[in-house]
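User: I am new to this structure and would like to learn how to read its features one at a time. Could you take me through them slowly?

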Amino acid sequence: ALKPKGLSFEESACLSFGGTTALHFLRKAKLQSGQSVLVNGASGCVGSAAVQLAKHLGAEVTGVCSKRNGELVRCLGADHVIDYTQEDFANNGKTYDVIIDTVGVATYSHCKQALTPTGCLLLVAADLPAMLQALWISIFGSQKIIVGTAIGKAEDLQFLAKLAEAGLYKPTIDQRYPFDQMAKAHRYVDTGRKVGNVVVVLDHEE
């Protein structure tokens with residue numbers, strides 16, 4: 001995919017990860033305009049992409065994040081924002097057609113009452129027990145769990161590039177690190193506190 005006009009090289013590089021993962025799972029859920037979507041981890045790499053893409057597809061979007069990232073998530077297009085330190089989205093009486101967990105903390109047992117009767121839970125970071133449960137629930141229940149590895153496709157990257165060029169999608173960058181600080185970049189990501197993407201920059205002059 002060609003670099004979109006109006007995006008920096010760093011922003012363009014970000015299209016190849018968070019956006020493609022979010023797009024993969026939302027397509028698996030067959031998201032329709034008018035449906036309600038909750039994004040758990042809405043300020044992260046995949047989460048910030050999922051908020052924008054779900055909104056682009058016509059969904060009513062609720063983002064779950066910390067209080068300090070609430071304004072960012074609203075700016076990305078979320079209709080509603082929940083501070084996870086103050087409120088448990090699964091126990092507030094509201095239901096959603098699609099719940100996407102991007103941080104690996106939501107389980108089906110915790111989320112099932114927050115899903116509509118035919119709702120879909122998307123687990124971006126699922127372990128083996130969750131994968132086995134997903135198969136069982138999807139066969140014998142009215143609700144669905146979708147797990148697995150997102151497969152990056154050239155056409156998905158091209159789709160995201162077109163959205164970005166049209167001003168309908170913009171990757172979020174937290175930090176930029178030079179290549180010789182690659183280890184430091186990984187340590188920062190491992191804190192679990194990053195917002196959007198972390199980018200490693202190659203300095204051609206060096």
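Analyst: Let us begin with a charged side chain and a ring: in this predicted model, lysine 3 lies over the face of phenylalanine 9, with 5.1 Å separating it from the ring centre.

User: Which residue lies over the face of phenylalanine 159?

Analyst: That residue is arginine 27, placed at 5.3 Å from the ring centre of phenylalanine 159.

User: How should I read two aromatic rings that form a pair, and how many aromatic pairs does the structure hold?

Analyst: The general idea is that such a pair is described by how far apart the ring centres are and by the angle between the planes. The structure holds 1 aromatic pair, formed by tyrosine 177 and tyrosine 188, whose centres are 6.4 Å apart and whose planes make an angle of 45 degrees, which gives a tilted pair.

User: Why does this pair tie together parts that are apart in sequence?

Analyst: Tyrosine 177 belongs to strand E7 (residues 173–178), while tyrosine 188 belongs to helix H7 (residues 182–190), and therefore the pair ties together parts that are 11 residues apart in sequence.

User: Are tyrosine 177 and tyrosine 188 buried or exposed?

Analyst: Here a cut-off helps, because buried means a relative accessible area under 20% and exposed means over 50%, with partly exposed in between. Tyrosine 177 has 9% and is therefore buried, whereas tyrosine 188, at 22% relative accessibility, counts as partly exposed.

User: What can I say about the surroundings of strand E1 (residues 36–40)?

Analyst: Because 5 of the 5 residues of strand E1 are buried, the strand is largely enclosed by the rest of the structure. Ser36, Leu38 and Asn40 point one way from E1, Val37 and Val39 point the other way, and all of them are buried.

User: How many bridges join E1 to strand E2 (residues 60–65), and how do the two strands run?

Analyst: There are 5 bridges between E1 and E2, and the two strands run parallel. Within this pairing, asparagine 40 stands opposite valine 64 in E2.

User: Finally, which residues form a nonpolar patch on the surface?

Analyst: Leu135, Trp136, Ile139 and Phe140 form such a patch, and together they have about 520 Å² of accessible area. Phenylalanine 140, one of these residues, is found in helix H5 (residues 128–140), and because its relative accessible area is 60%, phenylalanine 140 counts as exposed.

Definitions and conventions
Residues are numbered from 1 along each chain as its sequence is written. This is a predicted model: local features need pLDDT of at least 70, side-chain atom pairs count only at pLDDT 80 or more; totals for chains, interfaces and linings use all residues. Side-chain values use heavy atoms; hydrogens and water are left out. Patches are made of residues with over 30% relative accessible area and no salt bridge: like charges are joined within 9 Å, nonpolar side chains (Val, Leu, Ile, Met, Phe, Trp, Tyr) within 5 Å. Accessible areas come from the Shrake-Rupley method with a 1.4 Å probe; for residues, only the protein chains shown count as cover. A salt bridge is a side-chain nitrogen of Lys or Arg within 4 Å of a carboxyl oxygen of Asp or Glu. Helices (H or I, at least four residues) and strands (E, at least two) are DSSP runs, numbered from the N terminus. Buried means under 20% relative accessible area, exposed over 50%, partly exposed in between (1.4 Å probe, protein chains only). Rings of Phe, Tyr and Trp (its six-membered ring) pair if their centres lie within 6.5 Å; planes under 30 degrees apart count as stacked, over 60 as edge-to-face and the rest as tilted. A charge sits over a ring if NZ of Lys or CZ of Arg is within 6 Å of the ring centre and within 35 degrees of the ring normal. Two strands pair if DSSP finds at least two bridges between them.
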